[in-house]
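Student: I would like a close look at a single part of this model. Please take one aromatic pair and then set it in the context of the whole chain.

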Amino acid sequence: MDLNADLGEGFGIWRLGDDEALLDLVTSANVACGFHGGDPSTMRRVCAGAAERGVAVGAQVGYRDLAGFGRRHIAYAFTELRDEVTYQLGALDAFCRLFRTRVRYLKPHGALYHAAAVDESQAAALVAAISGYDHELPVLCAPGSTLAQLAMGAGLRVVAEGFADRGYLPNGALVPRTALGALVTDPEEVADRAVRMATERTVVAVDGTVIPCMVDSICLHGDTPGAVASAEMVRAALIDAGITPKPFA
């Protein structure tokens with residue numbers, strides 16, 4: 001099972017999360033590419049740390065919205081979003097090459113992640129950017145989403161993602177961040193949920209409903225309170241359950 005985390009989301013003198021500690025625990029790093037978070041020096045630092053540890057680097061592409069951390073929906077023209085995603089891919093890949101590695105997958109961030117799950121135009125823009133840049137790049141996204149369907153239709157590899165530290169609605173969607181139950185912050189509960197996703201392929205929704213969760217990668221948000229403690233417990237719990245943390249890319 002792959003463990004991924006959103007890293008490199010600070011910029012300038014502002015820091016978010018403990019990138020170095022999480023790089024010791026995860027198998028894939030979703031690195032911000034400077035639009036919703038991150039900057040050139042941060043990208044270089046995280047790519048260097050990932051290469052040193054053998055962690056796969058993925059481009060976490062987002063809306064051009066530093067002030068809103070990429071969590072505000074933006075209505076893009078297809079071509080503009082396609083080109084901005086291509087720009088982000090190229091920028092991160094340049095830093096990867098400095099350390100003899102490369103971008104190994106793409107994951108949309110925040111509002112773009114949720115928009116691409118249902119919006120055909122924005123999902124198609126992501127698919128077009130990946131197909132044009134490197135058709136071998138996998139797409140890390142929500143299973144059954146519009147993005148997943150379009151990517152598979154274009155011949156791209158789709159990797160289904162689950163969230164051990166986020167609440168789920170009974171329909172399989174994530175609880176909105178503004179609602180009660182959006183975040184799961186207790187490390188033991190996060191670890192239990194991760195093991196359940198990996199072994200039983202299910203997750204318990206906020207109303208107690210057990211729903212399918214067929215995923216190949218589990219996300220741990222770097223900005224969630226107690227992120228490092230949760231990641232430590234998740235990794236240990238998976239190993240105890242006989243599951244080897246391993247990058248999908």
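Tutor: What follows starts with one ring pair, moves along the helix and loops around that topic, and ends with the whole chain.

Keep in mind that this is a predicted model. Every value below is computed from it.

Start with the rings. A pair of aromatic rings is described by the distance of the centres and the angle of the planes. The count comes to 5 aromatic pairs. One of them joins Phe-35 and Tyr-87. Their centres are 5.7 Å apart, and the planes meet at 40°. That makes the pair tilted, because stacked needs under 30 degrees and edge-to-face needs over 60.

Now place the two partners. Phe-35 sits in the loop between strand 2 (28-32) and helix 2 (40-53). Tyr-87 belongs to helix 3, which covers residues 78-98. The partners are 52 residues apart, and the pair links distant parts of the chain.

Their surroundings can be read from accessibility. Phe-35 has 11% relative accessibility, so Phe-35 counts as buried. Tyr-87 has 56%, so Tyr-87 counts as exposed. The pair thus brings together a buried ring and an exposed one.

Next, helix 2, which follows the loop of Phe-35. Arg-53 is in helix 2. Its relative accessibility is 29%, and Arg-53 therefore counts as partly exposed. Leaving aside neighbours within four places in sequence, Arg-53 is in contact with Glu-20, Leu-23 and Asp-24. Ser-230 is another matter: Arg-53 and Ser-230 are 177 residues apart along the chain, and their C-alpha atoms are separated by 20 Å.

Then take the two loops beside helix 3, the helix of Tyr-87. Phe-69 lies in the loop between strand 3 (56-61) and helix 3. Arg-100 lies in the loop between helix 3 and strand 4 (103-108). Backbone angles are the point of interest here. Most residues other than glycine have a negative phi. Phe-69 has a positive phi of about 55°, although it is not a glycine. Arg-100 also has a positive phi, of about 60°, and is not a glycine. Their exposure goes opposite ways. Phe-69 is buried, with a relative accessible area of 11%. Arg-100 is exposed, at 83% relative accessibility.

Helix 3 has a further link to follow. Gly-132 and Thr-86 are 46 residues apart in sequence, with 8.2 Å between their C-alpha atoms. Gly-132 lies in helix 5, residues 120-133. With 64% relative accessibility, Gly-132 counts as exposed.

Leu-112 gives a buried counterpart. Leu-112 is placed in helix 4, residues 110-116. Its relative accessibility is 0%, so Leu-112 counts as buried. Not counting residues up to four places away in sequence, Leu-112 touches Val-61, Gly-62, Tyr-63, Gly-70, Leu-81, Gln-122 and Leu-126. Take Gln-122 from that list: Leu-112 and Gln-122 are 10 residues apart along the chain, and their C-alpha atoms are separated by 7.8 Å.

One stop further along the chain is Asp-192. Asp-192 is found in helix 7, residues 187-199. Asp-192 counts as exposed, at 55% relative accessibility. Asp-192 and Val-203 are 11 residues apart in sequence, and 9.9 Å apart from C-alpha to C-alpha.

Finally, step back to the chain. There are 8 helices and 9 strands. The radius of gyration is 17 Å, close to the 18 Å that the globule rule gives for 249 residues, so the chain is as compact as a globular protein of that length. Its C-alpha atoms fill a box of roughly 40 × 35 × 35 Å along the principal axes.

Burial and contacts fill in the picture. Of the 249 residues, 53% count as buried; Phe-35, Phe-69 and Leu-112 are among them. Among contacts between residues at least 6 apart in sequence, 71% join residues at least 24 apart.

The surface and charges come last. The chain exposes about 10400 Å², and carbon and sulfur atoms supply 54% of that area. Its side chains include 21 positive and 30 negative ones. The centres of the two sets lie 5 Å apart.

Notes
Residues numbered from 1 in each chain as written. Predicted model: local features only at pLDDT ≥ 70, side-chain atom pairs only at ≥ 80, totals over all residues. Heavy atoms only, no water. Phe/Tyr/Trp six-rings, centres within 6.5 Å; stacked < 30°, edge-to-face > 60°. Helix = DSSP H or I, 4+ residues; strand = E, 2+ residues; numbered from the N terminus. Buried < 20%, exposed > 50% of the residue type's maximum accessible area, 1.4 Å probe, protein only. Rg over C-alpha atoms; globule rule 2.2 N^0.38 Å. Contact = heavy atoms within 4.5 Å. Areas by Shrake-Rupley, 256 points an atom, 1.4 Å probe, with all protein chains shown as cover. Lys, Arg positive; Asp, Glu negative; His and termini not counted. Charge placed at Lys NZ, Arg CZ, Asp CG, Glu CD.
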